[in-house]
Every structure is written in C-alpha cells, then in structure tokens.
Amino acid sequence: MAQIIDGKQVSARMREDIRRRVETVRDRGVIPGLAVVLVGDNPASHSYVKAKEAACGDVGIRSFDRRLPSDITEADLLAEVAAFRANPDVDGILVQLPLPHHISEERITDAIGSEKDVDGFHPENLGRMLLGRPRFLPCTPFGVMKLLETIGIDPAGKEVVIVGRSNIVGKPLASMLVQKARGANATVTVCHTATERLEYHTKRADILIAAAGKAGCISGDMIKPQAVVIDVGVNRVEDASRKSGYRLVGDVDFSSAERVASWITPVPGGVGPMTITMLLSNTVDSAESRASRPADG
Ligand SMILES: NC(=O)c1ccc[n+]([C@@H]2O[C@H](COP(=O)([O-])OP(=O)(O)OC[C@H]3O[C@@H](n4cnc5c(N)ncnc54)[C@H](OP(=O)(O)O)[C@@H]3O)[C@@H](O)[C@H]2O)c1
C-alpha cells in the first residue's frame, strides 16, 4: 500500500515557519498585507476566499477584503485593482477567478502588476519562471514541488508525466520540473485531450501528476508500480449520504491507485492545503522585499 502524502500536515509545518517570518518582518515595521477581491456570488469562490482570509489571519497577514457585485464594470474593477496596487500597505493582490464573462481575466491579471502578483499568474512572472529567474511561482504547482521535496523525492532524471496543460497548473508545473536546477531536472511529458493512448504515457511515469479535472480518470492499472502519484484534481461527485449532496474526489481513483503507487496524495487533504500555504509564502516574500527597500522620500 502506498504511503499517504499528508498535505495538511506539511502545510501546517510550513505555516509555522511563515508565522515566524511574519513576526520578523513585523518587527521591522512592515505588516504583510494581502488584498482579496471577490466579484459576484459563486459559492465555490466564496468558500475559497473565506479559507484564504482565515489562513491570512492565522499567520498574522492582514487581509484587505473587497466584495464586489457581479455586474461591476471592467473599468470599475480595474480601478479597484489600481487602488490596491498603489496602496503601500498591500504586498499582494488576489482577484478570485473565474470572473463574470463581461470582464477580461487577462486584463485584470495584467493590471495587478508583476510586483504584487502573489498568485503568480502575471505574464512577466510566468516568463521569469520559464527563464529560471522566478519571482512569484503559481501557488498550486509550487505546492506540488514542495510536497515532492518534503517526502524526499528528487525529480532529477525521473520520468514525470503531467495530465493537464492549463495555464494555472499543468504548463507552469512542466516548466518548473524541467528547469536545470536542484529539485527539478526531470524529463517531462505533458498530456491533454489530444494525447493518444494516455495510459501508455502514464504507465511510464515515475512521478504521475493528475490535473485534468475529471473524476477518477486515472485508475490503478494506468500507474507504474511504485510511482509517486500527485492528484491535483478536485471534482464534485453526487453523494446522497452527505448533507451537501456531494463529496470531493480527485482525478485519481484512489482505492485502485494506492495499491500500485509508492506515495499518493489524498483528495481532499493533499495538494489543496498547499495552494493556500504557497499564497501566504508568496505574500510574505513580497512583504520582506518591502521591508528591505529603503523608505520613500
Ligand atoms: N488543489 C488545488 O488547489 C487546485 C488548484 C487548481 C486546480 N485544481 C483542480 O485541478 C484540476 C485541473 O484544474 P485546471 O484549472 O488546470 O483545469 P482546466 O483548465 O480545465 O484544464 C484541464 C486540463 O486537463 C486536460 N484534460 C481534461 N480531460 C482530460 C483527459 N481525459 N485526458 C487528458 N487530459 C485531459 C485538458 O486538456 P485540453 O487542454 O486539451 O483541454 C486541460 O489541459 C481541477 O479538478 C481543479 O479543480 C485544484
């Protein structure tokens, strides 16, 4: 049976360290600040935002909340973002995605500016990551890298297969893992919906990362014996036995996969908690840069 990669536990340990960093930077007169902007009333976005704000409070980061109606114009949202960008007490800006259809996510992401882009989605930060000169790394892939590091798995020379090529998970993760750098240096294959014979690729993986958003699309017979399996997927499936009427599952069929893998992340409790922790870490990085800049004037 595979060993479980406990993202909650890893995350809790990392948050202790983040809390200490916050104390140190506060001693230097800087209170780390994160602006959290939520547009509309998507229930999933609401719960993500609440979790992020609670996590900020937990480590001593000040959060600046902004709840805006779904019919806000793009111009007004750009003005809100610009105000946070100009606010010296704000080290990071997070605009919860998805945004209503009449607003361009690209324009909003660009408006955040690379220097406060703690989500790591700004084109400049993605470009820097690709060049091996990172500033803020996208939180979910960064969390996956930390999990591998924590369990002592060095991707160097290993076959890594990623299922999914989104801009927020698959592509940045591939770019991080392929760097000629410590903790990376892997041989990376990225699969997607045009990939033929998916299982041919997944079965070659020493490290298999599922980020397709399809419940149970990776079963145990698609996994190489003793592979490390990281499940990024979070999918709702109906479950009449739950009060909510659903439960969360990953992209990996856990019960068949745990019999084949050497290590595996559960869903929930694997990658999910790491995403928020990396957001906190990026925000403190930004606050530390502020603390080391000479004061204006
Ligand atoms: N734990 C966390 O903190 C966290 C954070 C972010 C996302 N997630 C979860 O991770 C999953 C992926 O998120 P995302 O935003 O990257 O999703 P996305 O934008 O929908 O991208 C999914 C990717 O998977 C590929 N794909 C879908 N079905 C496939 C299949 N059957 N075989 C091979 N490739 C397939 C798609 O290929 P094409 O490009 O060809 O369409 C696409 O590249 C979702 O379940 C999401 O909820 C979790």
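**Notebook: surface patch, sheet and core**

I began with the surface. Y48, V234 and L248 make a nonpolar patch of about 270 Å². I note here that the model is predicted.

I then looked up Y48 by itself. Y48 sits in helix α2, which covers residues 43-59. Is Y48 buried or exposed? Neither label fits: Y48 is partly exposed, and its relative accessible area is 45%. A residue needs over 30% to count towards a patch, so Y48 at 45% qualifies on that point.

Next I traced the sheet. It is open and has six strands, paired in parallel. I read the strand order as β1-β11-β8-β7-β5-β6. Which strands stand at the edges? They are β1 (3-4) and β6 (187-191). Each has a single partner strand, so one side of each lacks a neighbour in the sheet.

I followed β6 to its partner. Strand β5 spans residues 159-163 and runs parallel to β6. Five bridges join β5 to β6. I also checked what faces V163: C191 in β6 stands opposite. In general, strands of a sheet pair through backbone hydrogen bonds.

Last, I turned to the interior. The largest nonpolar core has 48 residues. Which of them touch the most other members? I listed L177, I209, V228 and I230. Helix α10 (residues 271-292) gives the most to this core, seven residues. I also looked at the domains behind this core. Domain 1 (29-116) and domain 2 (139-272) each supply at least three residues. Nonpolar side chains tend to be buried together in soluble globular proteins.

Definitions and conventions
Residues are numbered from 1 along each chain as its sequence is written. This is a predicted model: local features need pLDDT of at least 70, side-chain atom pairs count only at pLDDT 80 or more; totals for chains, interfaces and linings use all residues. Side-chain values use heavy atoms; hydrogens and water are left out. Two strands pair if DSSP finds at least two bridges between them. Helices (H or I, at least four residues) and strands (E, at least two) are DSSP runs, numbered from the N terminus. Patches are made of residues with over 30% relative accessible area and no salt bridge: like charges are joined within 9 Å, nonpolar side chains (Val, Leu, Ile, Met, Phe, Trp, Tyr) within 5 Å. Accessible areas come from the Shrake-Rupley method with a 1.4 Å probe; for residues, only the protein chains shown count as cover. A salt bridge is a side-chain nitrogen of Lys or Arg within 4 Å of a carboxyl oxygen of Asp or Glu. Buried means under 20% relative accessible area, exposed over 50%, partly exposed in between (1.4 Å probe, protein chains only). A nonpolar core is a set of buried Ala, Val, Leu, Ile, Met, Phe, Trp, Tyr and Cys residues joined through side-chain atoms within 4.5 Å. Domain bounds come from an automatic or database domain assignment.
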